[in-house]
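Visitor: I should like to learn how to read a protein structure. May we go through one together?

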Amino acid sequence: MGLELDLGGSRRISYGSTGMSVTIGIQGIILKLRLSRGGQKFVCPIMLFTHYDWRVALASALLPPLCVSGVKYAIIKPILRHLRDKEKLARRSELMGIVSEGLASAESERRLLEPVAKRKTKKEAERGGLVVVSAVYGTRKGLEIWQAQWAQQQRQGSDAAETPAETLQQWCDVTVATQFLVDGSRLVLHQGVSKAGLMGFHDVAPGENKELWVMYLLDGEPFRSQVGDQQSCRLPRDGAAIEDGAQRGEVMRAAELLGLAPHRAAPA
């Protein structure tokens, strides 16, 4: 009989807990491996030294945490990281397949809508109505990337821009589909319905929050609107005039590239 010092620790796992400790006493130095599962406790003692020696005691006290840390950082964490990366890669491949199918479907629908959308664009432009210059649907990150590219594109005076591969899944151009939905200089999208289900749209990033950004002309003046995926959108009521000079210029240059001559209503 006598005093004993027990040093160690434990960790909870899905089916119980595991632990390791070193007991230092008169009888010697003992390494104990513990496992608890279903209310049962299992202890496996391993005699390291039959009598007390402070050097062995110090080494034994440091052994459990060093072993646990070594196993955790050299074996367990790399394995878990590898499994997570593998799962992410598989999920990304699956999502890319879904997005690619949606993109192909949206492109087919866009071609069907384009003739009617062009007639509506011409009619709205002639009477100074609601002309969609650009409409984009995607994640906030994707839309911000698109906006920077689009602004540069307008400054350079081109009507096409190369899109990096990593942004293809984050946004899609829905200008034609949005103009198709304009009726009598009004655009109405109802609340509570995902815009990914509209003709010419598709889900660019399943499981992520998305938005619709629209830039348009009304009576020859540039306006813009930004709404969430399931928020209502009623233009021109929900639109806001573009006050920034640079942004106004970009929208007007884009309209010119599309052949949309700004129309202003004659003063009364």
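Guide: The following turns treat the sheet, the surface and the salt bridges. Please keep in mind that this is a predicted model.

Visitor: In what order do the strands of the open sheet stand?

Guide: The order of 5 strands in the open sheet is β6-β5-β8-β9-β11, and their pairing is antiparallel. The edges are formed by β6 (171–173) and β11 (240–241), each of which pairs on one side only.

Visitor: How many bridges join strand β9 to β11?

Guide: Strand β9, residues 221–228, is joined to β11 by 2 bridges. Within β9 and β11, one may look at phenylalanine 223, which stands opposite alanine 241 in β11.

Visitor: Which strands does helix α4 touch?

Guide: Helix α4, residues 245–257, packs on the sheet and touches β5 (130–138), β8 (211–218) and β9. The direction of helix α4 makes about 100° with that of β9.

Visitor: Let us turn to the surface. Which residues form a nonpolar patch there?

Guide: The patch consists of Val71, Ile75, Ile76, Ile79, Leu80 and Leu83, which together have about 500 Å² of accessible area. One of these, isoleucine 79, lies in helix α1 (residues 54–126). Isoleucine 79 has a relative accessible area of 46%, so this residue is partly exposed.

Visitor: Why can side chains of opposite charge pair?

Guide: Such pairing can occur when the charged atoms come close. In this structure there are 8 salt bridges. One of them joins the side chains of glutamate 114 and arginine 110, at 3.3 Å from N to O. These two residues are separated by about one helical turn, because they are 4 residues apart in helix α1. In addition, Glu107, Arg110, Arg111 and Glu114 are linked in a network of salt bridges.

Visitor: Is glutamate 124 buried or exposed?

Guide: Glutamate 124 is buried, since its relative accessible area is 4%, and the cut-off for that term is under 20%. Glutamate 124 forms a salt bridge with arginine 127, with 3.1 Å between the closest N and O atoms. Arginine 127, by comparison, is partly exposed at 44%.

Visitor: Which residue forms a salt bridge with arginine 140?

Guide: The partner is glutamate 211, and the closest N and O atoms are 2.9 Å apart. This pair links distant parts of the chain: arginine 140 belongs to helix α2 (residues 140–156) and glutamate 211 to strand β8, 71 residues apart. Arginine 140 is partly exposed, with a relative accessible area of 41%, whereas glutamate 211 counts as buried at 16%.

Key
Residues are numbered from 1 along each chain as its sequence is written. This is a predicted model: local features need pLDDT of at least 70, side-chain atom pairs count only at pLDDT 80 or more; totals for chains, interfaces and linings use all residues. Side-chain values use heavy atoms; hydrogens and water are left out. Two strands pair if DSSP finds at least two bridges between them. Contact means heavy atoms within 4.5 Å. Axes are lines fitted to C-alpha atoms, for helices over the stretch in contact, and angles run from 0 to 180 degrees between N-to-C directions. Patches are made of residues with over 30% relative accessible area and no salt bridge: like charges are joined within 9 Å, nonpolar side chains (Val, Leu, Ile, Met, Phe, Trp, Tyr) within 5 Å. Accessible areas come from the Shrake-Rupley method with a 1.4 Å probe; for residues, only the protein chains shown count as cover. A salt bridge is a side-chain nitrogen of Lys or Arg within 4 Å of a carboxyl oxygen of Asp or Glu. Buried means under 20% relative accessible area, exposed over 50%, partly exposed in between (1.4 Å probe, protein chains only).
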